[in-house]
Amino acid sequence: MAQDIDEARAQRYIEVQQSAEFGELRAKFRRFVFPMTALFLAWYFLYVVLATYAPSFMATKVAGNITIGLILGLLQFVSTFAITMIYARWADRELDPAAERLAAHMEGGSLS
């Protein structure tokens, strides 16, 4: 009996995964996350490359003991928090409603 329920549940998950609605949800997620990740990694690696190959530039003092390297390093934290907030807002507005519709279809037994 339990095995029949597990098999039915597994089949249902396969149906959901193969549905157009799930594919659109996955594509929507990837269209946001992959470019954002690439942008952040490029920014992070720029910092590492500058620190490695342009130490005199990074050591340039802006005010007192505050250097360009310190400012860029702190901006890494700022950009991380900004990306997190941007993603959370985007997910609340775009991703979560689509996921809720998919969950409702899955629970109701009908997929488009």
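What share of the 112 residues in the protein chain do buried residues make up? Keep the whole chain in view for this first stop: buried residues account for 21% of the 112 residues, and the model you are looking at is a predicted one.

**The whole chain**

Colour the chain by secondary structure, and four helices and two strands can be picked out, running α-α-α-β-β-α from the N terminus on. The radius of gyration of the protein chain is 23 Å, well over the 13 Å that the globule rule gives for 112 residues, so the chain is more spread out than a compact globule. If you orient the view along the principal axes, the C-alpha trace spans about 70 × 25 × 25 Å. Among the contacts in the protein chain with a separation of 6 or more, 65% are made by residues 24 or more positions apart. Switching to a surface display shows about 8100 Å² exposed by the protein chain, of which carbon and sulfur atoms supply 67%.

**Helix H2**

Select residues 20–53 next, which form helix H2. Its 34 residues, at 1.5 Å a residue, should span 50 Å, and the end C-alpha atoms lie 48 Å apart, which agrees with that expectation. Within this selection, show the side chains of Glu21, Leu25, Lys28, Phe32, Val33 and Met36, which are the buried residues of H2. An α-helix has 3.6 residues a turn, so residues three or four places apart point the same way. To see part of what covers the buried residues of H2, add helix H4 (68–108) to the display.

**Salt bridges**

With both helices shown, turn to the charged side chains, since the structure holds three salt bridges. Start with glutamate 24 and arginine 31, whose side chains meet in a salt bridge with an N to O distance of 3.0 Å. Glutamate 24 has a relative accessibility of 39% and therefore counts as partly exposed, whereas arginine 31, at 52%, counts as exposed.

Then select lysine 28 and glutamate 94, which form a salt bridge whose closest N and O atoms are 3.9 Å apart. Lysine 28 lies in helix H2 and glutamate 94 in helix H4, so this pair ties together parts that are 66 residues apart in sequence. Lysine 28 has a relative accessible area of 19% and is buried, a value that falls under the cut-off of 20%; glutamate 94, at 29% relative accessibility, counts as partly exposed.

Keep glutamate 94 selected and add arginine 93, because the side chains of these two residues also meet in a salt bridge, at 3.5 Å from N to O. Arginine 93 has a relative accessibility of 54% and counts as exposed. Viewed together, Lys28, Arg93 and Glu94 are linked in a network of salt bridges.

**Helix H4**

Widen the selection to the 41 residues of H4, which at 1.5 Å a residue should span 60 Å; the end C-alpha atoms are 57 Å apart, which agrees. Where in H4 is the kink centred? Centre the view on alanine 91, where H4 has a kink of about 50°. Alanine 91 is itself one of the buried residues of H4, a set that also contains Ile68, Gly69, Leu72, Gly73, Gln76, Ser79, Trp90, Leu95, Ala98 and Leu102.

From that set, pick glutamine 76, which is found in helix H4 and, at 9% relative accessibility, counts as buried. Which residues does glutamine 76 touch, not counting residues up to four places away in sequence? Display Phe40, Trp43, Tyr44 and Tyr47 around the glutamine 76 side chain, as these are the residues that glutamine 76 touches when such neighbours are set aside.

**Helix H3 and phenylalanine 57**

For the last stop, select residues 55–58, which make up helix H3 and include phenylalanine 57. Is phenylalanine 57 buried, exposed or partly exposed, and what is its relative accessibility? The value is 39%, and phenylalanine 57 accordingly counts as partly exposed. Leaving aside neighbours within four places in sequence, phenylalanine 57 is in contact with Leu50 and Ile68, and Ile68 is among the buried residues of H4. Finally, draw a distance from the C-alpha atom of phenylalanine 57 to that of alanine 20: the two residues are 37 residues apart along the chain, and their C-alpha atoms are separated by 51 Å.

How values were computed
Residues are numbered from 1 along each chain as its sequence is written. This is a predicted model: local features need pLDDT of at least 70, side-chain atom pairs count only at pLDDT 80 or more; totals for chains, interfaces and linings use all residues. Side-chain values use heavy atoms; hydrogens and water are left out. The expected span of a helix is 1.5 Å times one less than its number of residues. Buried means under 20% relative accessible area, exposed over 50%, partly exposed in between (1.4 Å probe, protein chains only). Contact means heavy atoms within 4.5 Å. A salt bridge is a side-chain nitrogen of Lys or Arg within 4 Å of a carboxyl oxygen of Asp or Glu. The radius of gyration is taken over C-alpha atoms; the globule rule is 2.2 Å times the number of residues to the power 0.38. Accessible areas come from the Shrake-Rupley method with a 1.4 Å probe; for residues, only the protein chains shown count as cover. The bend at a residue is the angle between axes fitted to the seven residues ending there and the seven starting there.
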